[in-house]
Amino acid sequence: MVTRPVIEPNERARLRRWPGLLTLTLGTVVGPIAVLVNEELIYVTNMWACGTGKQLAMHVVPLVCLAVTLGVGLLSWRDWDRVGRGVEDEAATVDSRSRFLALGGMGISALSALLILAQWLAIFVFGACMRA
């Protein structure tokens, strides 16, 4: 049996209304969106960096996207901490749902951060003006 700290009533009520639901949703959705935005903006800035010769500017896009992804990962971690940090639940409660979404948000954010780092690595390996 997993023991969890007692959750304050206002914390439990927070996860039933829109502020808590919004943070749980952001933790799950923003990471993959940041990966897609990162990829598209790298393509856009590549053409500009090749034309102007300012290749250092291409590193700003992955840095910002990585910061956003890690931010929502921390937001999911905070929600998981607020709901009791457990991983096992058999009851279908708001706490169980919130714990599952928070853990999912942390995992999705970690995978998204890994994808952004992989895309950023390509900027280091290949120059902006390299064409096939």
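**A walk through a four-helix chain**

Of the 132 residues in the chain, 36% are buried (under 20% relative accessible area with a 1.4 Å probe, protein chains only; exposed is over 50% and partly exposed lies in between). The model is predicted, so local features need pLDDT of at least 70 and side-chain atom pairs count only at pLDDT 80 or more, while totals for chains, interfaces and linings use all residues. Residues are numbered from 1 along each chain as its sequence is written, and side-chain values use heavy atoms, with hydrogens and water left out.

Let's start with the overall layout. The chain has 4 helices and 0 strands, in the order α-α-α-α from the N terminus; helices here are DSSP runs of H or I with at least four residues, and strands are E runs of at least two. Among contacts (heavy atoms within 4.5 Å) between residues at least 6 apart in sequence, 75% join residues at least 24 apart.

Now step inside. The largest nonpolar core (buried Ala, Val, Leu, Ile, Met, Phe, Trp, Tyr and Cys joined through side-chain atoms within 4.5 Å) holds 13 residues, and Ile42, Met58, Leu66, Ile116 and Ile123 touch the most other members. Helices α2, α3 (60-83) and α4 (94-125) each supply at least two residues of this core. Beyond its neighbours within four places in sequence, Ile42 contacts Met58, Val61, Pro62, Gln119 and Ile123.

Next to Ile42 in the numbering comes Leu41, found in helix α2 (residues 18-52). Leu41 counts as partly exposed because its relative accessibility is 37%.
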